[in-house]
Amino acid sequence: MKSLSAKPEFDTFANEYDRALDQGLSLSGESKSYFAKGRMHWLAKRLAHLEFDPESALDFGCGTGDSTPYFFDFLGIESFVGIDVSAESIAVATALHGAGHARFFVSSEYAERDVVDLAFANGVFHHIPSAKRAEGLKQIHTALRPGGLLAFWENNPWNPGTRIIMSRIPFDRDAEMVWPGMARQMLRSAGFEILYTDFAFVFPAVLAKLRGLEPRLCKVALGGQYMVLARKPSC
């Protein structure tokens, strides 16, 4: 999901997204599936700690839907909605994953209210112009039921490796990164309560033996990405 514009740039990358992303991620020694599974695994642990068992999920900025199966496999949800401003990406996602309990919509066509247990956004908001980020958060807030959660994942500006990787990805080179403090401020302004801020993906593949230490480092701004887990108030 590139921006909230009339002709999203990600229409251009809909059929080349995987190649372009792997071009950048190859520096870490891992594929995009490693990071996608890692995000879901970490989120599943946080949800279990909160005793929060979502039945429905919204993937905001779902792109071509590559993460869709992980919502079912890791989180055990029963229904899924993916939205994106890129009509071309939504077409690809529907063709690949739009069966069973998964639905996909262009963002402007999605207007459900108070129905989703869990919302998820990964690496989306650094593509949205700062003046329009509140608009995206409002759509998420509206879709969530009272008491629902948002897992807000973004690339960590403090991590030099992340910056190098982004410089190698065509659709990330000019992105405006979102600092963790800025993310929390945006979420509070949109009406969310902040529960956790966690940092993940500290060690690249060459240091994989050290990854057992990562849970202990989740509060240190070292990881390549961070997650802010936030809640829509119940009242």
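1. Strand β5, residues 144-155, pairs with β7 in the antiparallel sense, and 7 bridges hold the pairing. One facing pair in this part of the model, which is a predicted one, is W153 and M227: W153 stands opposite M227, and M227 belongs to β7.

2. Strand β7 also pairs with β6. These two strands run antiparallel and are joined by 7 bridges. Here E193 is found opposite R231 of β7. In sequence, β6 covers 193-200 and β7 covers 225-231.

3. Is β7 largely enclosed or largely open? Of its 7 residues, 6 are buried, so the rest of the structure largely encloses β7. A student can read this together with the pairings above: β5 is joined to β7 by 7 bridges, and β6 is joined to β7 by 7 bridges.

4. N155 is a residue of strand β5. Its relative accessibility is 13%, so N155 counts as buried, the cut-off being under 20%. The side chain of N155 makes a polar contact of 3.0 Å with the side chain of Q225.

5. Which residues does N155 contact, leaving aside neighbours within four places in sequence? They are H126, T162, M166, M177, V178, G224, Q225 and Y226. Q225 therefore appears in this list and also as the side-chain partner in the polar contact of 3.0 Å.

6. The loop between β6 and β7 deserves a separate look. R211 lies in this loop, and R211 is buried, with a relative accessible area of 17%. Its side chain is joined to that of Y34 by a polar contact of 3.2 Å. When residues up to four places away in sequence are not counted, R211 touches E30, Y34, F203, P204 and A205.

7. V206 lies in the loop between β6 and β7 as well. Is V206 buried or exposed? With a relative accessible area of 76%, V206 is exposed, because the cut-off for that word is over 50%. The loop thus holds R211, which is buried, and V206, which is exposed.

8. V206 is also part of a nonpolar surface patch, made together with L207, L210 and L213. The area of this patch is about 350 Å².

Key: Residues are numbered from 1 along each chain as its sequence is written. This is a predicted model: local features need pLDDT of at least 70, side-chain atom pairs count only at pLDDT 80 or more; totals for chains, interfaces and linings use all residues. Side-chain values use heavy atoms; hydrogens and water are left out. Patches are made of residues with over 30% relative accessible area and no salt bridge: like charges are joined within 9 Å, nonpolar side chains (Val, Leu, Ile, Met, Phe, Trp, Tyr) within 5 Å. Accessible areas come from the Shrake-Rupley method with a 1.4 Å probe; for residues, only the protein chains shown count as cover. A salt bridge is a side-chain nitrogen of Lys or Arg within 4 Å of a carboxyl oxygen of Asp or Glu. Helices (H or I, at least four residues) and strands (E, at least two) are DSSP runs, numbered from the N terminus. Buried means under 20% relative accessible area, exposed over 50%, partly exposed in between (1.4 Å probe, protein chains only). Two strands pair if DSSP finds at least two bridges between them. A polar contact is a pair of N or O atoms within 3.5 Å; within protein, one must be able to donate a hydrogen and the other to accept it, and residues adjacent in sequence count only if both atoms are side-chain atoms. Contact means heavy atoms within 4.5 Å.
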